[in-house]
Amino acid sequence: MKKMILWGLAAIAASPSLHAQELYVFTEPASNMATRSIGLRLDNTVYNNGAYRVSPEIMWGASRRWMVHVAGYASDMGRTFGPEGGSLYAKYRVFAHDEVHRHFRVALFGKVASVASRPAYKDEIDLSGTNTGGQMGVVATQLLHKLALSGSASYTQRWDGGPASRQAFGYTASAGLLLLPRHYTNYRQTNLNLMCELLGATALDKRAGYADIAPALQLIFHSIARLDMGYRTQVAGSMERWATGGLFVRLEYNILNAYGSHSKGR
Amino acid sequence: MTKILALALGLLIAAAVHAGGNASSVRAGGTPSFSRADLVASGLTCSMCSNSIYKALVALPFVEKVAPDVEHSSFAIVFKGTPDIDALKQAVVGAGFSVDKLTLTISLDHVPVRNDAYVTLDGLAFYFVHVTDATLNGETTLRVVDKGFLPAKVYKQYSGAAAAKDATRVYHVTI
């Protein structure tokens with residue numbers, strides 16, 4: 001575990017692809033990472049109930065339209081710290097309209113997650129280490145120079161045992177603002193982005209729901225490495241949950257043109 | 001006799017290699033070649049996005065170097081061989097963005113061009129649109145006006161021009 005964190009810290013040195021303002025911390029934008037690029041992430045969450053979860057993740061820009069994430073999860077939510085399971089996420093960009101310093105994009109996404117059998121007694125469906133299930137949704141993102149706005153809607157189904165809710169409608173709204181640098185001169189400048197996200201879900205098979213607010217700061221180094229720090233907290237709702245928020249820290253490193261050549265086009 | 005022929009052939013090859021190796025704007029046989037391009041990308045603001053385009057451009061085999069202007073999402077590209085113009089666009093598209101403007105620079109020696117007519121430059125076929133008949137001399141900048149090389153609204157201005165119909169790739173350009 002400690003080794004993983006150390007490795008992640010070491011990796012922070014460098015990771016690029018999208019538009020920093022829409023590289024949201026708690027959600028994905030409609031844009032994809034660059035074709036033939038590979039991203040490495042190490043997500044750490046300290047929940048407000050004291051539990052800790054770590055998630056290494058590999059991201060792959062398969063084409064200009066497709067990107068894929070594979071993630072693993074480990075936490076101390078059981079009696080001891082140990083692996084929980086993994087997930088596969090894919091995103092397909094269906095629409096893009098670009099102008100100088102602007103764009104509007106729409107993408108479809110899907111996720112499947114499998115974790116070691118653990119009956120669910122809490123109604124929140126969490127496909128990032130807690131539950132086995134599937135999700136699909138749509139996300140739209142608008143970039144307006146230094147501001148990026150994004151919204152998503154999704155349907156999530158839980159497949160593991162237990163009496164808790166099995167279906168949920170999820171929604172997110174995200175805003176990101178590029179604060180620094182004021183003017184770009186080179187790729188070595190550190191970028192500072194301020195993010196604020198609304199994350200909500202409503203159970204479809206019982207009366208329960210929640211809405212969280214999640215502000216975050218993001219630093220980007222050498223136009224290639226990324227450090228995200230966010231805090232998620234519940235502002236509304238009565239759903240039974242494992243935790244109602246927590247502190248989140250992500251380290252990310254991207255390798256552009258990780259393989260192959262661009263000379264033959266897509 | 002065979003030896004003389006072999007020697008002559010060897011000298012010819014050596015001369016061709018020499019001519020190709022020391023010229024940046026004129027390659028073997030005196031054919032003018034494209035020296036550089038200026039590309040403006042759209043759909044991005046931040047330096048991470050610009051960097052992803054930069055990395056895709058410098059990886060192209062015919063690109064010598066790229067000077068990025070992060071603030072304006074533009075890239076000054078120097079060539080080291082005949083450019084694959086579609087590959088330039090594809091590098092930008094593959095990074096997740098679009099080409100807003102692409103201009104190519106070539107040094108010409110009294111090359112006549114007419115509107116709605118072909119000219120072969122650096123081994124590539126160009127179809128000139130929206131130009132007045134002229135003789136091009138000296139450093140000349142051509143703007144590529146094919147679909148995907150400029151905003152859709154601007155492309156409409158050119159899409160009505162006579163379409164080049166050819167088995168090989170023909171680039172529509174204007175001055």
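**Figure 1. B:Ser107 and B:Glu139 face each other across two strands of chain B.** In this predicted model, B:Ser107 stands opposite B:Glu139, a residue of strand 9 of chain B. Zoom out a little and you'll see that strand 9 (residues 134-144) is paired with strand 6 of chain B. The two run in the antiparallel sense, and 9 bridges link them. While you're looking at these strands, here's a handy thing to know: in a regular strand, side chains alternate between the two faces of the sheet.

**Figure 2. Strand 6 of chain B also pairs with strand 3.** Strand 6 has another partner to look at, namely strand 3 of chain B. Their pairing is antiparallel too, this time over 8 bridges. Want one pair to find on your screen? Pick B:Asp38, then look for B:Thr103 in strand 6, which is its bridge partner.

**Figure 3. Chain B mixes helices and strands.** Step back to take in chain B, with its 4 helices and 10 strands. Start at the N terminus and trace the elements along: α-β-β-β-α-β-β-α-β-β-β-β-α-β. How much of chain B is buried? Of its 175 residues, 38% are. Now think about which residues touch which. Take the contacts in chain B between residues at least 6 apart in sequence: 64% of them join residues at least 24 apart.

**Figure 4. Chain B meets chain A.** Here 32 residues of chain B are in contact with 38 residues of chain A. Which elements of chain B give two or more residues to the side that touches chain A? They are strand 3 (34-42), helix 2 (47-58), helix 3 (85-94) and strand 6 (98-113). Helix 2 gives the most, with 7 residues. Sort the residues on this side of chain B by type and you get 16 nonpolar, 11 polar and 5 charged. Strands 3 and 6 may ring a bell: they're the antiparallel pair from Figure 2.

**Figure 5. Chain A has a barrel.** Over in chain A, 12 strands close into a barrel. The order is easy to remember: 1-2-3-4-5-6-7-8-9-10-11-12, with antiparallel pairing. Ignoring direction, neighbouring strands of this sheet are turned by 20° against each other on average.

**Figure 6. Strands 1 and 2 of the chain A barrel, close up.** Strand 1 (residues 38-47) and strand 2 (residues 52-61) of chain A pair in the antiparallel sense, with 9 bridges between them. Which residue of strand 2 stands opposite A:Asn44? Look across and you'll find A:Val54.

How values were computed
Residues numbered from 1 in each chain as written. Chains lettered and ligands numbered in written order. Predicted model: local features only at pLDDT ≥ 70, side-chain atom pairs only at ≥ 80, totals over all residues. Contact = placed C-beta atoms within 7 Å. Nonpolar A, V, L, I, M, F, W, Y, C, P; charged D, E, K, R; others polar. Buried ≥ 20, exposed ≤ 12 C-beta atoms within 10 Å, placed from the backbone. Pairing = 2+ DSSP bridges. Axes fitted to C-alpha atoms, helices over the stretch in contact; angles between N-to-C directions.
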